[in-house]
Each structure stands twice: as C-alpha cells, then as structure tokens.
Amino acid sequence: MPLSKARTALAELREDLLGDVFAPGDPGYDAARAVFNGMIDRYPAVIARCVDDVDVVRAVRFGRELDLKIAVRGGGHSVAGAGVGDGALVVDLRRMHEVTVDPAAKAVRVQGGATIGHLDRATRPYGLATTGGRVATTGVGGFVLGGGSGWLDRVFGLAVDNLIGVELVTADGERVHAGAGENPELFWALHGGGGNFGVATALTLALHELPVFSAALLRYPPSCGPDVVRAFREVIRTGPDEAGGAVLHLTGAAPECAALVTYVGGAEGLYEVAEPLLALSHAARVVGPLPYGAVQGMLDLPAGLRNHWSAECLADLPDEAVNAWCGGAAGMPVPTGGRRLLLFPLGGAIASGPGRYPVPYRTAAWIAHPAGSWTDPGDDEQMIGWVRGAGAGVRPWSTGAVCLNLVGDEGPERVRAGLGVGNALRLGKVKRRWDPDNVFRFNHNIPPL
C-alpha cells in the first residue's frame, strides 16, 4: 500500500475514534505497547485505545484496509504477550471495563477490557460471584474464553461453563452476538478457543450466591513441602466441592511452603475441612472469613517483571508425583525475582460440567503450575530452564491436556493439546467461517481449515 494512503487512513482513524490512537514516535506509545510480561517487547504499527463497540468496529476496519494483523488487548496479562504484535494493529480495550450486574437474573455483563478485580468489586455488594482467576489483574475476556480455572471452579464450574453470551466484532468489522440460540457453532468455539474468532467487546456470565467465603493460609518451612502436599491432597479427597485452594512453594525474602484452603461457606466448615493441614506444625496461619476479592489479589504481581510459566494437567497425585513436584522446589534460588510452584485441585463441578466444549483438561485431577518472575535479562536462561524442568518432573502423571491460560508460546502441538486433538477440525472450520485470513493470530492460534 502506498505510504500516502496509509498516512491518510491513520489520520482518519485519529479523527473518527473517540478513544486514543498511538503510532511509533507518539507520546505515550511506549507505555501503551507495554504488557504484563516484561519479556515481551513488540512494536505495533498502531494502537487504537477504544472506548466503545463503535470504536472497535472502526479500528478493525482500519486494520483490514491496511492489511494489518490484529492483536487484542484486554487485561494485557497473557504471559505469551497476546495483546501486542510487531507491525500489527492493537485493539486496546482497557477503557472498556464497565461491569453491569443483573441480580434478579443472576447474570453480569462484563466489557472486554475489564479485569477480574473489576468483576469481583461489582458483584460483591449483591452477595454474588462467578468463577474468576487466581489473580485480580487478569483480563476477564481472555480468561473466560480460554477456559478459566479459579478458586471457585470446584463448586461453580469453569468460567467458560458460566458463559451465557458473547458480543463480538468479527474480522470483517461486523458486530455479532453468540449464544446458545444465536451463532451456536461460534458460541461452542468460544468455550476454550480464545481470541481466535474476533474481538470480544462484552461477555455475559452466570452468577451464583456467595454470601460467605472463607480461607485458611498456613505457612511452613520449605522442608515440609511433601507433608504439606499430602495433607492438602487429603483435604481435597475428603472435603466437599466447596473446598479448594492451592499448595504454593514460594521464594521471597526466604523460601517457604504455604497452603491456601478456600471454602465457599463459613469458618466452622473451613476449620473442619482444613484439619489435616492445621494438624501439621506451621509457622503462621490466618483462618476465617475473608472477602473473596481479597483472596483473589493474594497472588498479584506487578506488571513489567520478566515471566515464564508452564503447566501440566495431572491425572492423579500419588506420592511419587508429590516427591517429584516438591523436588522442583529444592533448587529455587532467587537471583533477581521470585519463583513459584503452584498446585491446584480440579474435580468437583469442573469434572461434572459440560464435556462438549473444547476444554480437554476438565477430566484432570490437578494442575501443576511452575511460574518464574524476575527482573534481569541475564537470568532468562536459568529461569526458563527451571520452569521447564519443574514441569518435566511431573509429566509422567500428565493427562496430556494443557490449560492454555497458564502457558506461553510452547508450540502448535501444545496448542492442540490445549484445545483437544479431536476438536481441531471443527475449530478450524469455525475459524475459516469467521476469520479465514487469520487476522487474529496473536494468540494460541487456530489455523483456518
């Protein structure tokens, strides 16, 4: 395309968009292109910070006119850097973060730029909630469309199980709605297919009553790790679906092992289910009712750190797997940041949820999630190697499925494992229908078939 035409189109976009437009050299461009993961350093051609659906339509049509690939930024929390691409148009939704609760219908409409924190703050006054992530700064759109596992999933199901409808701007710049009775094949694909099919400008989610939420956070010396994991395993085995949480090996001022037991209910029930962990000698504890939103923010990290994560979905957690997992915590030096080994239980409403969607990790019992965060680029090789090694240690017990929300770019085979190998053809056909040119490719990509 002639440079003069591109300049004219950019000038028109600046004029037409209610939001802001950033191009290389503009004040604010570098801040606008920065995402959560400091390892991602990409230079988009244009960033369109939209304020409403009309802005999104204008931005997508501009991108198509100039034959640009399009990245969609919601929360910007993707460890793979899905919200930004070199030479691309970035549709930035951060100003579109309105959350509207309908308490009578037990439903909530969430704009595409809202975070889990926005969602939880809006629903809490009504004593309602839906499954959110384990980090408050995560974007709702990417989280839900990628499947969505969080502290409430064992009782309320995966986030995507609570999806009622999606408002989407397609690769053609058209506004469509997908729900059970409208564009049902697209709606199916959005249950785990991520941002492959358009810009999700709003999602409607089912809500559930959550009048009381409790949590127990117990801290142990790192040498107690295997005992803590086995005790937590017993909590999940004997407890109700209302019990969840994680075991965490952390590095900070000093290495430590921690257990977080979450409970949909009051303190009395929490004490009962957490007994195996309370019985272990621990250095500190906090037990009792806590606002669900406060627990959501416990694992938040500041944006800009260098991050590399991975995940393995485990069929079971025998003692051999426990020892292998805890072995990954034995060598956790902290050169310029932190390392975290997180072990989450699945089961409950996840396993009993709708099996027709492309979410293949539903049948797993546990997710093992090694996550490294650091500041010095000189530590990249060491940190990435540690994450890979920790994941490899428990791979003998893997189901083969992948929770794509928790991994970066690990290649097309891992993407297929995250969508379900049997779903690949069907998803590829949906991609061809809605994005035949693969305009939306800065994601765990589904090639059009």
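**Figure 1. How much of the chain is tucked away?** In this predicted model, 56% of the 449 residues of the protein chain count as buried. The accessible surface comes to about 17300 Å², and carbon and sulfur atoms hold 53% of it. Along its principal axes, the C-alpha trace spans about 70 × 55 × 40 Å. In terms of building blocks, the protein chain has 15 helices and 19 strands. Its radius of gyration is 22 Å, close to the 22 Å that the globule rule gives for 449 residues, so the chain is as compact as a globular protein of that length. And how far apart in sequence are the residues that touch? Take the contacts with a separation of 6 or more: 71% of them are between residues 24 or more positions apart.

**Figure 2. Two helices lie side by side and point opposite ways.** Here we zoom in on helix α1 (residues 3-16) and helix α3 (residues 53-65), whose axes come within 11 Å and cross at roughly 180°. Angles over 145 degrees count as roughly antiparallel, and α1 and α3 are therefore roughly antiparallel to each other. Which residues make the contact? On the α1 side, look for Lys5, Ala9, Leu10, Leu13 and Asp16. On the α3 side, the partners are Asp55, Arg58, Ala59, Phe62 and Glu65.

**Figure 3. A mixed sheet of 4 strands has helix α3 packed on it.** The strands of this open sheet come in the order β1-β2-β4-β3, and their pairing is mixed. At the edges sit β1 (20-22) and β3 (70-73), each pairing on one side only. From one strand to the next, the twist averages 20°. Helix α3 shows up again in this view: it packs on the sheet and touches β2, β3 and β4, and its direction makes about 175° with that of β4. Now follow strand β2 (residues 46-49) and strand β4 (residues 89-92), which run parallel and are joined by 4 bridges. One pair to spot is Ile47 with its bridge partner in β4, Val90.

**Figure 4. Another open sheet has 5 strands and antiparallel pairing.** Reading across this sheet, the order is β5-β6-β10-β8-β9, with antiparallel pairing. Which strands are at the edges? They are β5 (99-102) and β9 (175-179), and each of them pairs on one side only. The twist averages 15° from one strand to the next. Strand β8 (residues 163-169) pairs with β9 in the antiparallel sense over 5 bridges. To find your place along this pair, look for Val166, which stands opposite Ala178 in β9.

**Figure 5. Strand β19 is wrapped up on both faces.** Is strand β19 (residues 366-374) enclosed or open? 9 of its 9 residues are buried, so β19 is largely enclosed by the rest of the structure. On one side, the buried residues are Trp366, Ala368, Pro370, Gly372 and Trp374. On the other side they are Ile367, His369, Ala371 and Ser373, so to speak the flip side of the strand, and both faces are covered. Strand β16 (residues 306-309) runs antiparallel to β19 and is joined to it by 4 bridges; there, His308 stands opposite Gly372. Strand β17 (residues 312-314) also runs antiparallel to β19, with 3 bridges joining the two, and Cys313 stands opposite Ile367.

**Figure 6. Phe143 is a buried residue in helix α5.** You'll find Phe143 in helix α5 (residues 140-145). Is Phe143 buried or exposed? Its relative accessible area is 7%, and buried means under 20%, so Phe143 counts as buried. Leaving out residues up to four places away in sequence, Phe143 touches Ile116, Thr131, Gly132, Gly133, Thr138, Gly148, Ser149, Ala159 and Asn405. Leu406 is worth finding too: Phe143 and Leu406 are 263 residues apart in sequence, and 9.7 Å apart in space, C-alpha to C-alpha.

**Figure 7. Arg414 is a buried residue in helix α14.** This view picks out Arg414 in helix α14 (residues 412-419). Arg414 has 18% relative accessibility, which is under the 20% cut-off, so Arg414 counts as buried. Which residues does Arg414 contact, leaving aside its neighbours within four places in sequence? The list is Ser310, Ala311, Glu312, Val402, Leu404 and Val407.

Conventions
Residues numbered from 1 in each chain as written. Predicted model: local features only at pLDDT ≥ 70, side-chain atom pairs only at ≥ 80, totals over all residues. Heavy atoms only, no water. Pairing = 2+ DSSP bridges. Axes fitted to C-alpha atoms, helices over the stretch in contact; angles between N-to-C directions. Rg over C-alpha atoms; globule rule 2.2 N^0.38 Å. Buried < 20%, exposed > 50% of the residue type's maximum accessible area, 1.4 Å probe, protein only. Contact = heavy atoms within 4.5 Å. Areas by Shrake-Rupley, 256 points an atom, 1.4 Å probe, with all protein chains shown as cover. Parallel < 35°, antiparallel > 145°, perpendicular 65-115°, else oblique.
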